Amino acid sequence: MRSKNILLGVTGGIAAYKAPAIVSQLKKMGHQVKVIMTEHATEFVTPLTFQTMSQEAVHVDMFAHVVQTEVEHIALAKWADVLIIAPATANTIAKLAYGIADNMLTTVAMATTAPILVAPAMNTQMLRAQSTQEALKILRSREQYEILPTAEGLLACQDVGEGKMLEPEDIVDYIQMALTKKTLAGVDVVITAGPTKERMDPVRFLSNHSSGKMGYAFAAEAAARGAKVHLISGPCHLKVPKGVDFIPVESTEDMFNAVKEHFDDADVLIKAAAPSDYKPKSYSEEKIKKREGGLMSVEFSPNPDIAKHFGSIKGDRIIVGFAAESHHMEDYAKKKLEEKHFNYIVANNITEAEAGFGSDTNHVRIFSADGREEELPMMEKSTLAAVILDRVEKDLKS
């Protein structure tokens with residue numbers, strides 16, 4: 001995603017201490033961030049903190065000495081691609097609902113045409129109060145607004161319940177969703193991710209080093225673009241992207257059945273998982289004990305070939321496959337592309353530094369069914385997912 005202009009509004013709640021982390025994450029992603037604080041917010045975090053993090057002047061006083069010809073609140077309103085208010089207190093939520101523009105933040109909110117995200121943070125009873133619920137209902141009825149959920153847990157007042165502001169990384173996810181054009185709205189996408197486990201006994205299993213990061217990056221990007229996403233994932237330790245239908249599986253057979261269940265309605269299948277080709281022929285209900293001599297043999301039987309099966313019945317669907325190879329990468333990738341009837345195959349050399357299993361980056365070559373080939377530079381897997389989905393979008397429209 002290209003750099004966007006993000007306006008962060010901070011109000012006077014204890015959760016304001018989390019807001020600098022929102023700025024930090026957005027800046028690391030390359031976005032421009034400006035901050036508006038209410039006067040009460042400055043009692044919790046100083047403007048200097050946000051100025052240091054954002055490298056931009058922090059806006060607090062509606063009537064500060066004018067140093068430029070632009071009307072400040074109108075200039076900020078026009079500048080923003082999105083306005084996120086985090087934390088949003090009950091006081092500010094009520095003002096937004098009823099059009100009270102008595103400070104810089106509420107005035108900018110009234111003047112901007114950008115999407116407005118509101119991250120509530122308050123005591124449980126304040127959140128449940130009739131006045132707060134009515135104000136939130138009014139804001140939800142406006143197309144411009146999106147009200148983020150609250151988390152449950154121990155609150156600053158030592159009560160336990162709902163009303164906690166979401167964590168900064170979750171808020172950043174919502175911002176990214178709001179900033180992404182819904183170019184895949186109405187498109188059904190099935191994505192497989194991660195490894196599979198083939199159990200031998202209650203202790204041992206056959207698996208591989210796949211982390212699932214590539215598949216989860218596809219799911220996050222496709223969901224942000226408005227697609228209906230079914231993420232079929234083997235065992236991973238990753239946060240499930242927002243807005244996806246998450247389907248956890250364990251074995252290759254489980255994954256095959258899950259794809260089969262959703263394939264009829266799918267427009268796109270992205271095979272980013274690394275399912276095991278083989279499984280133990282028999283499963284021992286008891287732990288297999290070490291044998292005298294130290295040698296043990298295990299007989300394996302083949303698993304269903306998910307890619308080949310669904311490639312053979314693809315119809316007009318678009319299928320993207322992957323080839324993680326250690327040698328003869330081009331030959332193996334092209335063979336797989338043809339045999340499994342993919343539209344695209346994304347090949348990488350797993351022995352290359354920062355391009356193998358578990359890394360956040362990848363260096364790939366993309367081979368197309370129509371004979372096109374392209375080598376991409378090393379890039380973040382999230383960026384690679386976006387690049388490949390751009391190609392899928394073009395094919396869907398052609």
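This dialogue reads the aromatic pairs, the pockets and one helix of a predicted model.

User: How is a pair of aromatic rings described, and how many aromatic pairs does a search of the whole structure find?

Analyst: A pair of aromatic rings is described by two quantities, the distance of the centres and the angle of the planes. In this predicted model, a search of the whole structure finds three aromatic pairs. One of them is formed by F218 and F322, whose centres are 5.9 Å apart and whose planes stand at 80 degrees, an edge-to-face arrangement. This pair links distant parts of the chain, since F218 belongs to helix α9 (residues 213–224) and F322 to strand β16 (residues 318–325), with their positions 104 residues apart.

User: Are F218 and F322 buried or exposed?

Analyst: F218 counts as buried because its relative accessibility is 0%, and F322 is buried as well, with a relative accessible area of 14%. The cut-off behind this reading is a relative accessible area under 20%.

User: At what angle do the planes of F256 and F310 lie, and which helices hold these residues?

Analyst: The planes of F256 and F310 lie at 40 degrees, with the ring centres 5.3 Å apart, so this pair is tilted. Here too distant parts of the chain are linked, F256 being in helix α10 (residues 252–263) and F310 in helix α11 (residues 306–312), 54 residues apart. F256 is buried, with a relative accessible area of 13%, and F310 counts as buried at 1% relative accessibility. F256 and F310 also join F263 in one aromatic cluster.

User: Which charged residues lie over the rings of F263 and F205?

Analyst: Over the face of F263 lies R317, at 4.1 Å from the ring centre, while the ring of F205 has the charged end of K197 over it, 4.4 Å from its centre.

User: Turning to the helix that holds F218, what is the general idea for reading an α-helix, and how many residues of α9 are buried?

Analyst: An α-helix has 3.6 residues a turn, so residues three or four places apart point the same way. In α9, ten of the twelve residues are buried, so this helix is largely enclosed by the rest of the structure; among the buried ones are M214, Y216, F218 and E221. From its first C-alpha to its last, α9 reaches 16 Å, close to the 16 Å expected at 1.5 Å a residue. Just after α9, G226 takes a positive phi of about 95 degrees.

User: What is the volume of the largest pocket, and which residues lie nearest its centre?

Analyst: The largest pocket has a volume of about 1,400 Å³. Its lining consists of 35 residues, and M29, Q176, A220, E221 and S382 lie nearest the centre. The elements giving two or more residues to this lining are α1 (19–28), α8 (168–179), α9 and α13 (381–397). By residue type, the lining of the largest pocket divides into 16 charged, twelve nonpolar and seven polar residues.

User: How many residues line the second largest pocket, and which elements give two or more residues to its lining?

Analyst: The second largest pocket, with a volume of about 1,000 Å³, is lined by 42 residues, of which A273, A274, F322, A324 and K336 are the closest to its centre. Two or more lining residues come from each of α9, α11, β16 and α12 (329–339). The lining of the second largest pocket divides into 17 nonpolar, 14 polar and eleven charged residues. F322 therefore appears in two readings, as a buried residue and as one of the residues closest to the centre of this pocket.

Note on methods
Residues are numbered from 1 along each chain as its sequence is written. This is a predicted model: local features need pLDDT of at least 70, side-chain atom pairs count only at pLDDT 80 or more; totals for chains, interfaces and linings use all residues. Side-chain values use heavy atoms; hydrogens and water are left out. Rings of Phe, Tyr and Trp (its six-membered ring) pair if their centres lie within 6.5 Å; planes under 30 degrees apart count as stacked, over 60 as edge-to-face and the rest as tilted. Helices (H or I, at least four residues) and strands (E, at least two) are DSSP runs, numbered from the N terminus. Buried means under 20% relative accessible area, exposed over 50%, partly exposed in between (1.4 Å probe, protein chains only). A charge sits over a ring if NZ of Lys or CZ of Arg is within 6 Å of the ring centre and within 35 degrees of the ring normal. On a 1 Å grid over the protein atoms alone, a cavity is a set of points where a 1.4 Å probe fits but cannot get out, and a pocket is an open set with protein on both sides within 12 Å along at least five of seven lines; lining residues have an atom within 4 Å of a point. Grid points are joined across faces, edges and corners, and a volume is the space filled by probe spheres set on the points. Ala, Val, Leu, Ile, Met, Phe, Trp, Tyr, Cys and Pro count as nonpolar, Asp, Glu, Lys and Arg as charged, and the others, Gly among them, as polar. The expected span of a helix is 1.5 Å times one less than its number of residues.
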